[in-house]
Amino acid sequence: TIDLAIAQSFKLTVDEAVTSFTLKNPPSGSTAFSVKILQDSTGYSVGIDTFNDNGGSAIPVYWPAAVTPDVTTTASKTDIYSFKIFDGADLEGQGIFGVITGQNFLS
């Protein structure tokens, strides 16, 4: 769960497969947030393209050139992704925009 009422930077240590993210409390206007994904000593898949609102409705995620990135699944590696919201009052209609900030850092 990513709660934008608490912070704009989040750290996720992955110790099992992550199929989706829940986005809570977006402001009605614009904002940005980042997620740092740290793989444990095993490495698991992460659904970086699957976001839902608090009610479970899908939020579209738009990536440059419409290419969804592959999250690094190598043990002890780190990826960082940043997201921009332009209309938090209409996430289902407007979506969020994602970019790769960096991948495959040594944890």
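**Two buried aspartates and a nonpolar patch**

The side chain of Asp79 makes a polar contact with the side chain of Tyr81, at 2.8 Å; a polar contact here is a pair of N or O atoms within 3.5 Å, where within protein one must be able to donate a hydrogen and the other to accept it, and residues adjacent in sequence count only if both atoms are side-chain atoms.

This is a predicted model, in which local features need pLDDT of at least 70 and side-chain atom pairs count only at pLDDT 80 or more, while totals for chains, interfaces and linings use all residues. Residues are numbered from 1 along each chain as its sequence is written, and side-chain values use heavy atoms, with hydrogens and water left out.

Back to Asp79, in strand β8, residues 77-85; strands are DSSP runs of E, at least two residues, numbered from the N terminus. Asp79 is buried (under 20% relative accessible area, 1.4 Å probe, protein chains only). Asp79 has no salt bridge, meaning a side-chain nitrogen of Lys or Arg within 4 Å of a carboxyl oxygen of Asp or Glu. The nearest side chain of opposite charge, Lys77, is 8.8 Å away. A polar atom of the Asp79 side chain also lies 2.9 Å from the backbone nitrogen of Asn104.

Next, Asp40, in the loop between β4 (31-39) and β5 (51-53). Asp40 is buried with no salt bridge, and for this residue Lys77, the nearest side chain of opposite charge, is 14 Å away. The backbone nitrogen of Gly43 lies 3.2 Å from a polar atom of the Asp40 side chain.

Last, the surface. Which strand holds Phe97? Phe97 is in β9, residues 96-106.

Key
Helices (H or I, at least four residues) and strands (E, at least two) are DSSP runs, numbered from the N terminus. Buried means under 20% relative accessible area, exposed over 50%, partly exposed in between (1.4 Å probe, protein chains only). Lys and Arg count as positive and Asp and Glu as negative; His and the chain ends are not counted.
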